[in-house]
Amino acid sequence: MNSALFSEWYSKDFFPNVKKFREREGKTGKVLLILDIAPCHPPVEILNAVEDYFSVMYLPQNITALVQTMDQCVIEKFKREFIGNKFCGDYFWQKTTKKV
């Protein structure tokens with residue numbers, strides 16, 4: 001993921017689909033998208049310039065793990081099971097240590 005890809009998703013997928021949903025459901029008011037601070041996310045000023053009733057806010061640094069504890073548990077268990085599986089572990093090791 002990079003900034004250009006995220007911006008494309010935001011303007012060509014997220015924004016139009018939310019707009020259609022709002023029209024279909026008769027919703028009004030501002031739309032708030034809350035994101036973590038990832039290197040692929042463009043500056044908030046760029047995203048907020050798309051439309052007046054769309055607003056983007058970033059979570060403060062180092063808070064993502066506190067609000068996404070479910071993700072942490074699921075990812076940790078997946079890694080444990082995946083790496084613990086002899087075949088998958090060997091496959092993963094080969095893919096991650098492959099020389100380019």
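Trainee: Where is the place of Ile34?

Mentor: We're looking at a predicted model: local features need pLDDT of at least 70, side-chain atom pairs count only at pLDDT 80 or more, and totals for chains, interfaces and linings use all residues. Numbering runs from 1 along each chain as its sequence is written, and side-chain values use heavy atoms, without hydrogens and water. Helices (H or I, at least four residues) and strands (E, at least two) are DSSP runs numbered from the N terminus. Ile34 falls within residues 31–35, and that's strand 1.

Trainee: Does Ile34 count as buried or exposed?

Mentor: Buried means under 20% relative accessible area, exposed over 50%, and partly exposed in between (1.4 Å probe, protein chains only). Because its relative accessibility is 52%, Ile34 counts as exposed.

Trainee: What pattern does the chain follow along the sequence?

Mentor: The chain has 5 helices and 2 strands. Read in order, they give α-β-α-β-α-α-α.

Trainee: How far does helix 1 reach from its first C-alpha to its last?

Mentor: Helix 1 covers residues 3–25, so 23 residues, with 33 Å expected at 1.5 Å a residue (1.5 Å times one less than the number of residues). The reach comes close to that, at 31 Å.

Trainee: Where is the kink in helix 1 centred?

Mentor: The bend at a residue is the angle between axes fitted to the seven residues ending there and the seven starting there. In helix 1 the kink is about 35°, and its centre is Tyr10.

Trainee: Which residues of helix 1 are buried?

Mentor: Across the chain's 100 residues, 19% are buried. In helix 1, the buried ones include Tyr10, where the kink is centred. The full set is Phe6, Tyr10, Phe14, Phe15, Val18 and Arg22.
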